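Colleague: Could you take me closely through the fold of one chain of this model, beginning with a hairpin and working outwards from there? I would like the cut-offs explained as they come up.

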Amino acid sequence: MKLISEKRELTSRLFRISAPLISILVALFVAGFLLMAAGVNPLLAYLEIFRESLGSVYGLSETLVKTTPLIFASLGVSLAFRMQIWNIGAEGQIYMGACGATAVALFSGIENHSLMITAMFLAAFLFGGLWGGVAGVLRARWQVNEVIVTLLMNYIAILGVDYLIYGPWKDPKGFNFPLTAQFSEAARLSEYFDTRFHSGFFLALFCALLMYLFMERTVWGYEIKVIGSNPKAARYAGMRTGLAIFAVLFLSGAVAGIAGFSEVAGLQHRLQHGLSPGYGYTAIIIAWLAKRSAFGVVIVSFLMGVLLVGGDSLQLSWQLPIAFVYAFQGLILFFLLASDFFIHNRLRLIRGGQHA
Amino acid sequence: MSNLLQIKNIRKTFPGVVALDTISLSIARGEIHTLLGENGAGKSTLMNVLTGLYRPDRGEILLDGVSIQLNSPRDSLAMGIGMVHQHFMLVSAHTVFENILLALEGVPNFYSRRTYRQKVQKVLDAFELDLDLDSPVWKLSIGAQQWIELIKLLVRDCRLLILDEPTAVLTPQESARLFQVLTRLRDQGKSILFISHKMREVMEISDRVTVLKKGRSLVSLSRGEYDESRLASLMIGEDQIPMWIKPACKYEQLALEIKNLSARNDRGLADLDNFNMKLYRGQILGVAGVAGNGQKALAEVLTGLKEASSGRILAEGRDITNSTARSSYIAGIAHIPEDRKSIGIAPDMTVGDNLIMKNFASRAFRRWIFQDRAAIRRNASAKINEFAIKAGPDGNPVRYLSGGNIQKVIIARELSEKPAVLVALYPTRGLDIGSAEYVHKVIIDGANQGMSTILISEDLDELLKLSDQIVVMFRGRLVGCVDPQATTREEIGLLMSGEVQS
């Protein structure tokens with residue numbers, strides 16, 4: 001007897017749609033053992049996650065605060081995914097976006113609120129875009145693998161920002177902490193309900209809508225899809241694939257860069273060490289989970305926000321390390337990839353006898 | 001004669017498609033058995049069942065009278081069923097010997113090179129094949145690469161050899177050589193399952209022919225029971241072959257002139273070497289040659305996918321070799337590529353989206369920066385009707401279509417802008433007779449309206465039937481130019497092999 005896998009020709013629609021949900025459930029199940037090993041009742045822990053992240057105005061606002069940068073970064077990553085370009089550098093692009101926005105906030109001297117916010121936004125867009133664009137040029141002109149370039153450039157961006165806030169940009173009145181001076185009122189997004197919830201969230205939703213229109217309705221979106229589906233055919237049809245690769249990586253980085261803008265202008269009001277706790281990497285998981293849809297990105301980002309906020313509270317109630325949340329994210333991605341396999345293949349048990 | 005392999009009532013369905021309905025046939029020891037059928041008749045599916053890639057829903061396969069289960073290509077090979085695919089499965093950087101070694105089961109990690117070399121050499125000698133075992137595969141001609149595939153099966157002692165359109169890439173002389181070997185193999189008791197669209201070959205080599213139609217095995221006929229017209233009518237059935245009249249080219253207006261054109265390939269070798277050619281308005285110029293003698297480079301330079309290294313291209317007298325004028329002119333050249341699946345379509349996108357790939361940015365399908373989805377849909381249904389494309393349900397990705405229908409999608413797209421010049425590479429390769437006739441009709445219709453066609457093909461019958469003039473390419477040069485009315489297959493064959501120049 002042996003177990004073999006074979007290609008499935010037919011996959012039911014139901015299975016295809018429910019596969020991500022099933023993989024999350026299986027991940028919850030397996031993570032339950034991790035929790036038990038830490039001496040925590042998994043059911044209570046999961047209940048706590050949902051209660052803390054959704055059960056109060058404060059919890060919900062915190063969830064949306066975490067959802068916001070995730071939406072931006074995931075939109076950026078998924079845009080590149082559509083063209084079969086793998087942007088692993090959203091984390092670095094977030095830092096660069098934040099860096100650009102901070103430079104404007106600290107040194108431009110603009111006093112008008114809308115002008116200041118617009119300038120910060122554009123700076124973040126540009127900085128993030130250029131950071132992604134470098135990988136774009138390298139890939140388009142010299143076929144340098146964009147995965148490696150974007151990944152390594154994360155370190156450059158994060159350490160570069162560290163240099164600034166430990167050095168030239170350090171707040172002289174900041175008791176030597178690695179952070180810049182606080183932004184002026186003009187450089188802050190509006191906050192609501194006495195919480196940390198800020199208007200960056202609405203910008204993120206608007207951005208998702210734009211991304212949807214861009215991909216599904218415009219001529220450029222069509223071009224990106226053709227190139228993603230078959231780059232040779234695109235070249236043969238006269239499309240300028242090199243330019244498109246650069247443009248997409250630029251745009252991908254730029255949108256991720258907006259996350260940096262939204263974080264410093266809406267939440268932290270300064271540039272500081274550890275500005276993003278890995279949003280850029282979580283974005284890769286989200287983009288994968290959401291498959292191709294901009295709206296999917298919004299929903300999955302929200303779920304991840306729930307998990308992050310709930311995970312924080314686990315730290316407080318049970319002294320669980322935050323690593324648990326990342327382990328859980330890893331499990332989800334793992335089972336999701338596995339579910340992809342099961343969507344396309346099925347296992348069959350073969351009884352021995354007629355052949356070995 | 002006893003049966004080696006028996007296939008009984010095989011059925012195989014895919015979502016929404018019955019690929020094989022009921023297929024029954026038997027292959028005797030020591031016979032060459034030909035499978036004949038239109039595209040979509042189920043030949044490829046049946047091959048894939050026999051090589052263990054697909055598992056039938058129903059039915060039975062008997063080998064030596066014993067029911068067998070084929071769960072993977074490995075199983076099939078273990079039972080002595082081997083296949084030479086249309087697309088070779090060779091590691092091109094490795095040598096011939098290494099490639100053959102890969103096919104052998106149970107080679108120990110530290111093997112005796114000499115023993116295995118002798119084993120391979122013995123097979124080569126047995127068939128008087130002249131192959132350099134130490135040459136890397138990429139250096140060899142397509143014909144030689146096909147020999148490697150065949151030898152891989154022979155060293156494994158396969159009892160049933162499946163050959164999927166093996167002559168598509170060969171010169172007439174090479175084909176004749178292959179047939180000699182196949183006949184010899186048959187006489188030694190091997191069974192051969194042969195797939196071809198070329199009626200002449202089928203008539204020449206088959207001991208028995210099984211006609212497939214719409215997933216059913218219609219009938220198996222032994223030699224003597226069939227002739228060409230009987231087979232054709234069985235295969236096509238009641239479908240009408242379109243009739244057309246071919247106009248004689250007037251040779252008045254020059255459409256395209258190529259002077260001393262050279263182009264290099266990635267290894268710096270000449271793909272096109274001092275190539276000269278004239279194309280007139282309304283002319284169908286056939287280009288014959290063994291695959292890999294510069295035909296593809298010619299098409300690519302003309303359509304702007306490749307740069308010329310020297311020489312000139314004149315379009316209606318204007319030099320368009322390397323100027324901006326070229327890109328605008330190129331826009332007016334339609335191109336049916338050689339490899340339709342890998343460069344002709346975006347497989348995950350819909351038929352409608354694929355039909356506008358070349359002119360997606362034109363005003364007809366665009367409003368400002370947005371696509372005009374309604375116009376794209378209208379265009380799709382118009383083209384689907386006009387070219388009789390079996391496109392399946394709305395929004396069906398083009399990769400679900402059969403080869404013939406994918407080709408129709410490409411042709412519909414390429415001809416939609418009323419091009420002045422059509423460059424068609426092997427436009428009917430792998431198509432069934434009905435679809436091929438349709439492609440021919442489109443080319444002739446175009447010629448009637450003044451379109452000039454460069455028809456690159458390996459099918460001499462097709463070239464002889466359509467062309468006003470046939471030029472022959474060898475190693476990137478034009479080695480001959482013949483009148484299809486006055487030439488013979490042998491003459492063209494000799495030119496193709498580079499042995500004579502006319």
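**A hairpin of chain B**

Modeller: In the hairpin that strand 9 of chain B forms with strand 10 of chain B, two residues lie between the strands, and Lys214(B) takes a positive phi near 50°. This is a predicted model, in which local features need pLDDT of at least 70 and side-chain atom pairs count only at pLDDT 80 or more, whereas totals for chains, interfaces and linings use all residues. Residues are numbered from 1 along each chain as its sequence is written, while chains are lettered from A and ligands numbered from 1 in the order in which they are written. The pLDDT is the predictor's confidence in each residue, from 0 to 100; chain B has a mean of 82, with 92% of its residues at 70 or more. For the complex the predictor gives a pTM of 0.74 and an ipTM of 0.79.

The two strands of the hairpin, strand 9 and strand 10 (residues 216-222) of chain B, pair in the antiparallel sense over six bridges. Here strands (E, at least two residues) and helices (H or I, at least four residues) are DSSP runs numbered from the N terminus, and two strands pair if DSSP finds at least two bridges between them. One of the links in the hairpin joins Arg208(B) to its bridge partner in strand 10 of chain B, Ser222(B). Strand 9 (residues 208-213) of chain B also pairs with strand 3 (residues 32-37) of chain B, here in the parallel sense and over five bridges. Within that pairing, Val211(B) of strand 9 is the bridge partner of Leu36(B).

Further along the sequence from strand 3 comes helix 1 (residues 43-50) of chain B, which is largely enclosed by the rest of the structure, because seven of its eight residues are buried. A residue is buried if 20 or more other C-beta atoms, placed from the backbone, lie within 10 Å of its own, exposed if 12 or fewer do, and partly exposed in between. The buried residues of helix 1 of chain B are Lys43(B), Ser44(B), Thr45(B), Leu46(B), Met47(B), Val49(B) and Leu50(B). Just after this helix, Gly52(B) takes a positive phi of about 85°.

In the domain assignment, chain B has domain 1 (3-236), domain 2 (240-332 + 419-502) and domain 3 (342-418), with bounds from an automatic or database assignment. Domain 2 and domain 3 of chain B each give eight residues to the contact between them, where contact is defined as C-beta atoms, placed from the backbone, within 7 Å. By class, the side of domain 2 of chain B that touches domain 3 has four nonpolar, three polar and one charged residues; Ala, Val, Leu, Ile, Met, Phe, Trp, Tyr, Cys and Pro count as nonpolar, Asp, Glu, Lys and Arg as charged, and the others, Gly among them, as polar.

Chain B also has an open sheet of six strands with mixed pairing, in the order 16-19-20-13-21-22. Its edges are strand 16 (333-336) and strand 22 (477-482), each of which pairs on one side only. Neighbouring strands of the sheet are turned by 20° against each other on average, direction ignored. Inside the sheet, strand 13 (residues 284-288) and strand 21 (residues 469-474) of chain B pair in the parallel sense over four bridges, and Leu285(B) has Gln469(B) as its bridge partner in strand 21.

Two helices lie across strands of this sheet. Helix 9 (residues 295-302) of chain B lies across strands 13, 16, 19 (421-425), 20 (452-456) and 21, running at about 150° to strand 19, with angles from 0 to 180 degrees taken between the N-to-C directions of axes fitted to C-alpha atoms, for helices over the stretch in contact. Helix 15 (residues 433-448) of chain B lies across strands 13, 19 and 20, running at about 150° to strand 20 of chain B.

Finally, chain B meets its partner: 25 residues of chain B are in contact with 20 residues of chain A. On the chain A side, the elements that give two or more residues are strand 1 (2-7), helix 8 (219-229) and helix 9 (231-236) of chain A. Helix 8 of chain A supplies the largest share of that side, five residues. By class, the side of chain A that touches chain B has nine nonpolar, six polar and five charged residues.
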